[in-house]
Amino acid sequence: METLNYLLETLNNLFLIIADAIRGLFADPQSVWANLTMNVINFIIVVIIVVLAALILILLERKVAGWTSQRPGPNRLGPRGWFQTIADALKLMGKEDVTPAGADKLIFKIAPMIIFCLPMMTLAVIPYGKDMAPINIDLGILYFVAISSISTLCFLMAGWGSNNKYSLLGGMRAVAQMISYEIPLLFSLLGVVMITQSFNLGVIVEAQGTIPFIVLQPLAFVIFMIAGLAELNRAPFDLVEADQEVVAGPFTEYTGLRWGLFFLGEYGNMTAMSALAATVFLGGWQGPAFLPGYVWFFMKVGVMIFMMMWVRWTFPRIRIDHLMHLAWKVLLPLSIVNILLTGLGIYIYRFVMGG
């Protein structure tokens with residue numbers, strides 16, 4: 001039993017042990033160079049997570065789409081079609097990179113690069129296990145929401161820089177949609193902040209050692225998931241590229257790898273949003289001790305991603321007026337009600353415990 005407990009403890013702290021070993025290579029483990037080296041390694045790990053997640057999720061998306069519509073999905077290239085994503089990536093890299101003659105070339109070219117970089121920045125503050133956040137900051141939730149909201153600007157840049165009326169209209173619709181849903185998204189997280197009295201994601205995970213916040217904040221979780229799907233421009237909220245109205249919206253003029261970067265960014269952002277949901281509502285790395293904490297974390301993230309894909313291939317795209325109605329007249333009031341109920345619950349709890 002002692003050997004088993006030691007093995008489980010070693011597995012749970014494996015990455016911390018590796019990090020300490022790397023720091024031990026320096027004369028001063030806390031020196032500037034040691035910290036810089038660890039920051040570079042953490043950055044590389046986050047980049048690998050984003051790239052691998054995008055490659056895997058593109059294939060998984062097709063498999064889920066086939067499952068929901070009773071089709072096999074990709075099944076030709078490689079065993080069970082597992083090499084399909086690689087073939088798609090090679091195809092995109094081989095396509096001609098076209099820039100419209102009247103486009104604002106700088107804005108047109110940097111928009112997809114920025115949106116691809118955003119999930120790397122947001123995933124840097126997520127705790128993947130106990131003391132395993134690449135960057136541990138006290139305002140983790142606010143940082144995450146602030147960085148993810150920059151994607152709104154990227155869609156506007158893509159639409160404006162394309163010098164195409166369909167692209168501009170699609171970009172403006174994206175701005176209206178994403179700004180509208182950012183408000184209930186942030187409000188849905190305030191209930192958890194009120195309970196923990198902290199914006200630090202590590203502290204929030206530690207507070208869920210007994211019971212996950214999805215039990216205490218079920219309404220906030222539902223609001224978060226709906227608003228998160230709208231923030232990601234995922235169906236049924238994919239009004240950004242409504243082909244029957246604005247062709248492909250801000251993506252209309254993009255080709256090849258630049259077009260692919262938008263969708264790599266979408267899957268990266270979906271991974272980041274799922275990671276935040278798992279951290280805030282599902283207990284993060286907390287779980288029974290027979291598995292390492294980071295395994296529990298990635299299992300929970302996988303469940304959240306599957307739910308998002310399931311919703312995408314189940315519900316049809318909704319109209320733009322229904323989309324805005326849902327944000328301002330349904331989700332926003334419900335998120336405010338949840339904040340009031342949370343405050344009332346905290347007051348009653350303190351009164352009872354104090355009495």
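Here are some short exercises on this structure, each with a worked solution.

Before you start, note that this is a predicted model, where local features need pLDDT of at least 70, side-chain atom pairs count only at pLDDT 80 or more, and totals for chains, interfaces and linings use all residues. Residues are numbered from 1 along each chain as its sequence is written, and side-chain values use heavy atoms, with hydrogens and water left out.

**Exercise 1. Take two annotated spans, 267-287 and 327-349, and describe the chain in each.**

Step 1: Start with the record. The unreviewed UniProt entry marks "transmembrane region" at several spans, including 267-287 and 327-349. Positions follow the numbering used here, feature names are shortened, and such annotations may be inferred rather than shown by experiment.

Step 2: Look at the chain. Residues 267-287 are 71% helix and 0% strand, and their end C-alpha atoms sit 26 Å apart. Helices (H or I, at least four residues) and strands (E, at least two) are DSSP runs, numbered from the N terminus.

Step 3: Now the other span. Residues 327-349 are 100% helix and 0% strand, with 31 Å between the end C-alpha atoms.

**Exercise 2. Classify the ring pair Tyr181 and Phe237, and say why it ties together separate parts of the chain.**

Step 1: Get the rule. Rings of Phe, Tyr and Trp (its six-membered ring) pair if their centres lie within 6.5 Å; planes under 30 degrees apart are stacked, over 60 edge-to-face, and the rest tilted. That gives 18 aromatic pairs.

Step 2: Apply it. The ring centres of Tyr181 and Phe237 are 5.8 Å apart and the planes meet at 55 degrees, so this pair is tilted.

Step 3: Place the partners. Tyr181 belongs to helix H8 (residues 165-196) and Phe237 to the loop between helix H11 (218-231) and helix H12 (243-246), so the pair links parts 56 residues apart in sequence.

Step 4: Check the cover. Buried means under 20% relative accessible area, exposed over 50%, and partly exposed in between (1.4 Å probe, protein chains only). Tyr181 is buried at 0%, and Phe237 is buried at 6%.

**Exercise 3. Do likewise for Phe297 and Phe298.**

Step 1: With centres 5.3 Å apart and planes at 75 degrees, the pair is edge-to-face.

Step 2: Phe297 is buried at 1% relative accessible area, while Phe298 is partly exposed at 41%.

**Exercise 4. What surrounds Thr152?**

Step 1: Find Thr152 in helix H7 (residues 150-161). Its relative accessibility is 7%, so Thr152 counts as buried.

Step 2: Skip neighbours within four places in sequence. Thr152 then has contact with Val175, Met178, Ile179 and Glu182, where contact means heavy atoms within 4.5 Å.

**Exercise 5. Pick out the backbone oddities at Asn163, Asn233 and Pro236.**

Step 1: Recall the usual case. Most residues other than glycine have a negative phi, and most peptide bonds are trans.

Step 2: Asn163 has a positive phi of about 55 degrees without being a glycine. You'll find Asn163 in the loop between H7 and H8, where it is exposed at 55% relative accessible area.

Step 3: Asn233 also isn't a glycine, and its phi is positive at about 60 degrees. Asn233 lies in the loop between H11 and H12 and is buried, at 7% relative accessibility.

Step 4: Pro236 is in the loop between H11 and H12. The peptide bond from Ala235 to Pro236 is cis, with omega near 10 degrees.
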